[in-house]
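Hello,

Here is the structure I promised to pass on to you. Have a look at it first, and then read on for what turned up in it.

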Amino acid sequence: MKLRAALLPFILQLASLSAPLIAADSPPQGWNPDTTFPPLSPADAIKTIEVPRGYHLECVASEPMVEEPVSFAFDPNGALYVCEWRSYMQDEFATDQMKTVSRVVKLVDTDGDGIMDKRTVFIDNALLPRTVLPMGDRVIVSFTGDGSYWSYFDDDKDGVSDRKELIFKTGPDNGNIEHQRTGILWNLDNVIATNDLRFRLRDDGQLEPINYPDGRFSQWGLARDDDGILYGTRAGGANPAQGFQLPAGYPVLRVREHGVDYGRPYSICKVWDDSSGGYDFEKQHILTSFSACCGQTILRSPLMPEFHGYMTTCEPVGRFIRLSRFERKNGIAVAHNAYPQSEFIRSTDAYFRPVWTESGPDGCLYIADMYRGIIQEKEWFPTEVSAEMKARYVEGYRKDKLVDWVERYHRVKKWGMTKVVRHGRIYRLVPDGKKPGPQPRMLDETPEQLTAHLAHPNGWWRDTAQMLLVNKRDSSIAPTLITIARQHSDTNARIHAMWTLDGLKSLPKDVLLANLKHPQPRVRRAAVQISESFFAKHDADITAALAALISDPDPQVLAQVYLAHRSIKASIPAGLSAQASTQPLLAAIIEKEKTTASLAELGTSAKQGQQIYQTLCTACHGPDGLGVKQGDKLLAPAIAQSPWFKNNGDIPTLARILLHGQTGPIEGINYGEGVMLPLAQVYNDEQIASVLNFVGERWHQWKKPVVPAAIKTIRSETADRKTPWTAEELRERVKKQ
């Protein structure tokens with residue numbers, strides 16, 4: 001049951017101006033009032049937002065305290081570090097978007113009332129900072145245009161960074177700013193996880209990279225649960241939850257992860273500014289399918305126990321937040337909409353743009369709302385279509401997304417939406433009649449005090465205490481941790497104590513052996529994962545203990561035992577592999593191994609292309625190359641069945657498509673947004689050749705790889721090309737050969 005907040009009279013007035021309801025197959029007219037509407041104050045904006053019954057929203061920061069917030073994280077003392085994108089789409093032309101005027105700001109609640117009242121600019125004059133991870137004595141930050149990571153230090157404790165240190169260096173990232181790596185967290189296994197890399201923090205402060213087995217895991221945002229399982233989302237592909245079967249670092253399984261009707265959004269905003277998610281003309285609501293999934297977090301708070309383990313996912317195009325509950329059957333987890341035919345949080349306000357969520361130290365859910373008119377990056381917000389493009393799409397004029405988006409631009413400009421920038425709100429969702437928890441002071445606490453938090457009912461406190469203890473490198477606390485790992489009655493406390501000891505390299509074998517027999521399967525599963533280092537050394541006691549678990553009744557424990565054998569390339573006990581016929585999770589792991597084995601046979605160039613494909617192409621073409629379904633259509637063609645790849649490929653045609661993109665229908669079928677974006681400015685000749693080699697070898701039995709020189713030739717021949725190719729143009733080019 002949901003409590004619907006009263007709508008503002010102003011919004012009701014606008015609704016009364018809307019056109020009559022029309023059938024879904026009628027020419028799109030939609031909600032198009034002949035008026036403008038200004039942004040609302042935080043207090044008035046809250047009145048337009050539906051929240052669950054028994055909860056209310058509080059604004060903890062708003063402009064000018066915070067502007068254009070895209071992500072944030074709490075430090076161990078409860079301060080908020082917020083990435084502000086002060087140059088992002090400040091007008092419809094993206095003027096000066098790459099100008100270094102963005103910031104990371106530090107917000108502090110000095111009087112304990114839950115409202116941020118002190119702001120300092122921690123990092124100034126930055127290029128669109130993406131993610132931030134406060135770690136005690138340093139804050140790790142990443143920026144747009146470069147996949148590197150930096151540590152920033154505030155030596156004099158004034159809230160302003162004094163110095164920085166490059167801790168992981170990589171090359172430039174010229175991809176679309178919405179597609180670059182955005183997400184970072186400290187995970188249960190003492191590894192810093194990002195969207196496509198995992199890192200060990202070395203004693204010298206540098207990050208040692210560890211790849212995911214499957215490339216990019218998530219697009220904008222990253223979440224973890226009590227067991228260290230990561231949860232990804234994708235805006236491209238419109239996936240609110242993905243990849244949540246196994247702990248981080250293990251294969252991402254391809255299983256059915258969504259329940260019935262999970263992919264149907266239930267927004268209530270009427271504004272007709274549809275993007276790739278379409279527009280529901282019958283109900284005059286934005287979105288018929290998901291468009292922008294991002295900023296997820298797992299709720300792990302005692303303040304809202306009914307939502308423990310559920311995940312929030314932001315949908316800024318739809319102006320709502322989805323709440324996913326997870327049901328695990330026979331080891332396989334499936335996501336369901338926790339509010340069937342509705343949404344967890346949603347608004348009628350055109351400017352409500354939730355992009356990030358975090359479960360806070362006080363137990364509340366925190367939400368970053370960019371509160372702006374334009375939420376699409378310039379590539380998806382065209383302001384005009386050339387005469388050449390119009391002529392090309394005469395037949396399907398209404399169906400072509402580029403034309404639709406230009407019409408959208410003129411609508412939202414008339415309404416004044418393009419001018420609503422430099423706002424921003426951070427809300428917290430609070431249960432009625434409950435007092436949020438106290439502000440932490442972990443930076444001031446001793447190791448002994450920190451260990452007590454490993455049994456805290458709030459997951460944020462446990463994670464942060466473990467992170468600080470491991471990074472202090474103080475093994476003198478080991479006896480206390482050993483006692484917790486051996487004797488504590490709380491499951492989470494035992495698990496965190498084991499992992500903290502593992503991070504300090506102080507975990508006794510007998511503690512592991514005891515917990516491998518623990519009655520709680522979560523403890524056994526964690527103990528199996530931690531025991532891999534002992535198993536790798538052929539420790540007889542650990543080997544015998546794992547052998548005793550091959551008939552464990554819990555599917556996740558069985559899967560972890562299998563993965564432990566695979567981690568050291570040991571032969572799988574017959575009694576374990578035989579259970580795949582009755583254990584779906586185990587069967588999915590074995591099936592994934594077969595796919596991985598076939599990929600191992602790829603050539604050097606194809607293996608490089610695999611990383612690019614998994615990072616960029618899989619969102620629309622799918623991990624199996626058969627296309628990702630959104631609603632009742634595919635986002636992209638089945639590249640695994642493309643005739644252009646047959647007989648070792650038509651390289652001149654394929655190179656043209658990758659360099660300059662493709663648009664319009666293909667064989668009479670309209671895909672996704674109707675356009676594949678050009679890659680000429682993003683990837684060099686070697687990289688484009690490698691992607692073609694991956695697809696060609698993976699699905700089309702190519703025997704001869706394409707060389708970068710072939711791509712270079714086509715790049716030169718088509719240097720004057722300014723628009724994507726159509727299927728008709730490509731066919732005509734082949735006929736003339």
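The accessible surface of the protein is about 29,200 Å², and 53% of that belongs to carbon and sulfur atoms. Please keep in mind that this is a predicted model. As for charge, the protein has 86 positive and 89 negative charges, and their mean positions lie 3 Å apart.

On the overall build: there are 20 helices and 33 strands in the protein. Its radius of gyration is 26 Å, close to the 27 Å that the globule rule gives for 737 residues, so the protein is as compact as a globular protein of that length. The C-alpha trace spans about 75 × 65 × 50 Å along the principal axes. Buried residues make up 60% of the 737. If you take the contacts between residues at least 6 apart in sequence, 63% of them join residues at least 24 apart.

One strand you may like to zoom in on is β28, which covers residues 425-431. It is mostly covered, with seven of its seven residues buried. R425, Y427, L429 and P431 point one way from β28, while I426, R428 and V430 point the other way.

Which strands pair with β28? Strand β3 (residues 55-62) does so in the antiparallel sense, over seven bridges, and in that pairing you will find S62 opposite R425 of β28. Strand β27 (residues 365-369) also runs antiparallel to β28 and is joined to it by five bridges. Look for Y366 here, whose bridge partner in β28 is R428.

Enjoy exploring!

Best wishes

How values were computed
Residues are numbered from 1 along each chain as its sequence is written. This is a predicted model: local features need pLDDT of at least 70, side-chain atom pairs count only at pLDDT 80 or more; totals for chains, interfaces and linings use all residues. Side-chain values use heavy atoms; hydrogens and water are left out. Helices (H or I, at least four residues) and strands (E, at least two) are DSSP runs, numbered from the N terminus. The radius of gyration is taken over C-alpha atoms; the globule rule is 2.2 Å times the number of residues to the power 0.38. Buried means under 20% relative accessible area, exposed over 50%, partly exposed in between (1.4 Å probe, protein chains only). Contact means heavy atoms within 4.5 Å. Accessible areas come from the Shrake-Rupley method with a 1.4 Å probe; for residues, only the protein chains shown count as cover. Lys and Arg count as positive and Asp and Glu as negative; His and the chain ends are not counted. The place of a charge is taken as NZ of Lys, CZ of Arg, CG of Asp or CD of Glu. Two strands pair if DSSP finds at least two bridges between them.
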